[in-house]
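The following report describes a molecular structure for a reader who is beginning the study of such models. Please keep the sequence and the three-dimensional view at hand while reading.

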2 protein chains.
Amino acid sequence: MPSFKGQYEHSVDNKGRVAFPAKLRKTVNPDAQDRFTILRGLEPCLYLYPQDSWELVEKKLAKINNFSRNGRTVIRNFLRFAEDLVLDKQNRLSLPSHLMDFSNINTTAIFIGSGERIEIWSPDKLDEIDNELSFESYQELFEQVMGGDIDDED
Amino acid sequence: MPSFKGQYEHSVDNKGRVAFPAKLRKTVNPDAQDRFTILRGLEPCLYLYPQDSWELVEKKLAKINNFSRNGRTVIRNFLRFAEDLVLDKQNRLSLPSHLMDFSNINTTAIFIGSGERIEIWSPDKLDEIDNELSFESYQELFEQVMGGDIDDED
DNA sequence: GTACATTGTGGGGAGAAGTGGGGGATAGTG
DNA sequence: CACTATCCCCCACTTCTCCCCACAATGTAC
């Protein structure tokens with residue numbers, strides 16, 4: 001399973017195209033090469049999954065009973081704002097306009113490698129959440145999450 | 001098994017015809033290509049199944065005990081408003097008028113890929129249920145699906 | 001420092017997708 | 001049998017997506 005890291009800023013042209021960072025491309029599993037699924041994130045950003053990681057998500061979804069009320073709602077709202085993407089011959093993604101609106105991305109997109117997925121942010125939204133988090137509270141958060149015993153669940 | 005995703009808005013012409021979204025078409029199993037079953041949904045929307053997915057639904061129905069009163073009621077009301085549809089040569093569906101009435105679809109239809117089936121909504125009904133779902137509960141639903149460890153049970 | 005390869009950015013154009021209307025065949029009704 | 005409504009095919013037009021080409025910027029090797 002690939003693990004993405006690092007932050008890369010790229011410009012978005014007036015057709016909504018943005019270059020996929022070369023360094024991230026090296027991390028993508030060659031099987032899934034240039035096939036991705038993009039969707040709304042929980043913060044005002046986008047989540048980008050290479051095909052192989054996305055398939056794990058779909059496996060989970062497939063287990064949900066889509067005739068139960070809760071199941072229907074989960075599946076509908078999860079998949080609604082998801083789309084498959086393919087890199088063009090110049091290694092670019094073309095971002096669906098509804099996702100650019102959602103994430104407030106106009107001319108610049110920031111890619112953040114985040115483990116099995118990649119987050120894509122607009123510079124201003126990224127600033128916003130950065131400012132909400134002081135260094136002190138980050139330290140606390142970090143200890144909360146990373147502290148404690150190393151357990152072996154996976 | 002195909003897994004539909006994404007949301008696509010199309011206009012319905014005065015003959016009740018609506019284009020089947022090209023991106024969804026790519027997900028349809030070629031075996032079932034252009035043969036569908038459409039029926040009333042559990043919310044005020046329509047469910048559209050490509051032929052191969054529909055067969056799975058029928059298998060489920062076949063397991064229902066139709067000598068029990070509840071069983072008969074479910075089967076009767078599930079199937080009575082179902083119809084087979086075929087795409088025309090322009091890749092359009094023509095929606096039965098009784099289903100347009102039921103779902104309140106007039107001039108615009110919104111397709112939502114929802115796993116093994118596709119939901120078709122009128123814009124106003126979709127707004128209604130969107131307003132029922134707060135961002136917080138969406139977040140919960142999201143974590144329900146994405147959170148936790150990716151396990152490999154199947 | 002210079003040459004070359006890779007990466008990033010922009011635009012023009014062919015083809016696909018979406019939309020609307022006309023008309024012939026078919027079926028249902030009186 | 002005639003009339004009407006419906007269905008479905010074909011044609012036409014507009015819009016948009018994506019492929020290709022070109023070039024600028026950056027990085028690397030010698």
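Chain A has six helices and eight strands. Along the sequence these elements follow the pattern β-β-α-β-β-α-α-β-β-α-β-β-α-α. The model is a predicted one. Along its principal axes, the C-alpha trace of chain A spans about 45 × 45 × 30 Å. Of the 154 residues in chain A, 31% are buried. Among the contacts in chain A with a separation of 6 or more, 57% join residues that are 24 or more positions apart.

One helix of chain A may be examined separately. Helix α6 of chain A covers residues 135-146 and has twelve residues. The distance from its first C-alpha to its last is 16 Å, close to the 16 Å expected at 1.5 Å a residue. How many of the twelve residues of α6(A) are buried? The count is zero, and α6(A) is accordingly described as hardly covered.

**The sheet of chain B**

Strands of a sheet pair through backbone hydrogen bonds, and the pairing is either parallel or antiparallel. In chain B, six strands form an open sheet in the order β1-β7-β8-β4-β3-β5, with antiparallel pairing. Its edge strands are β1 and β5 (83-86) of chain B, each of which pairs on one side only. On average, neighbouring strands of this sheet are turned by 30 degrees against each other, direction ignored.

The pairing at β5(B) can be followed in detail. Strand β3 of chain B, residues 35-40, pairs with β5(B) in the antiparallel sense over four bridges. Within this pairing, B:Arg35 has B:Val86 of β5(B) as its bridge partner.

Helices from both chains accompany the sheet. Helix α3 of chain A (residues 69-79) packs on the sheet and touches β7 (108-114) and β8 (117-121) of chain B. The direction of α3(A) makes about 105 degrees with that of β7(B). Helix α2 of chain B (residues 51-63) lies across β3, β4 (46-50) and β8 of chain B, and runs at about 110 degrees to β4(B).

**The contact between the chains**

Between the two chains, 22 residues of chain A are in contact with 21 residues of chain B. On the side of chain A that touches chain B, the elements that give two or more residues are α2 (51-62), α3 and β5 (82-86) of chain A. Which of the elements gives the most to this side of chain A? It is α3(A), with eight residues. By class, the residues of this side of chain A divide into ten nonpolar, three polar and nine charged.

**The surfaces near the DNA strands**

There are 20 residues around DNA strand C, and A:His10, A:Ser11, A:Asp13, B:His10 and B:Ala22 come nearest. The elements that give two or more residues to this surface are β1 (7-11) of chain A and β1 (7-11) of chain B. DNA strand D is surrounded by residues of both chains, including A:Lys15, A:Asp88, A:Lys89, B:Lys15, B:Gln90 and B:Ser94. The table sets out the classes of residue at each surface.

| Surface | Nonpolar | Polar | Charged |
|---|---|---|---|
| near DNA strand C | six residues | ten residues | four residues |
| near DNA strand D | no residues | four residues | six residues |

One of the residues nearest to DNA strand C is A:Ser11, and its place is in strand β1 of chain A. Is A:Ser11 buried or exposed? A:Ser11 has 11 other C-beta atoms within 10 Å, and therefore counts as exposed. Leaving aside neighbours within four places in sequence, A:Ser11 is in contact with A:Thr107 and A:Thr108. The C-alpha atoms of A:Ser11 and A:Leu46 are separated by 16 Å, and the two residues lie 35 residues apart along the chain.

**Two residues with positive phi**

Two asparagine residues in loops complete the account. A:Asn104 lies in the loop between α4 (97-103) and β7 (108-114) of chain A. Its phi is near 70 degrees, a positive value in a residue other than glycine. A:Asn104 counts as partly exposed because it has 15 C-beta neighbours inside 10 Å. B:Asn91 lies in the loop between β5 and β6 (92-94) of chain B. The phi of B:Asn91 is about 60 degrees, positive although the residue is not a glycine. With 12 C-beta neighbours inside 10 Å, B:Asn91 counts as exposed.

Conventions
Residues are numbered from 1 along each chain as its sequence is written. Chains are lettered from A and ligands numbered from 1 in the order in which they are written. This is a predicted model: local features need pLDDT of at least 70, side-chain atom pairs count only at pLDDT 80 or more; totals for chains, interfaces and linings use all residues. A residue is near a molecule or strand if its C-beta atom, placed from the backbone, lies within 6 Å of it. Ala, Val, Leu, Ile, Met, Phe, Trp, Tyr, Cys and Pro count as nonpolar, Asp, Glu, Lys and Arg as charged, and the others, Gly among them, as polar. The expected span of a helix is 1.5 Å times one less than its number of residues. A residue is buried if 20 or more other C-beta atoms lie within 10 Å of its own, exposed if 12 or fewer, and partly exposed in between; C-beta atoms are placed from the backbone. Two strands pair if DSSP finds at least two bridges between them. Axes are lines fitted to C-alpha atoms, for helices over the stretch in contact, and angles run from 0 to 180 degrees between N-to-C directions. Two residues are in contact if their C-beta atoms, placed from the backbone, lie within 7 Å.
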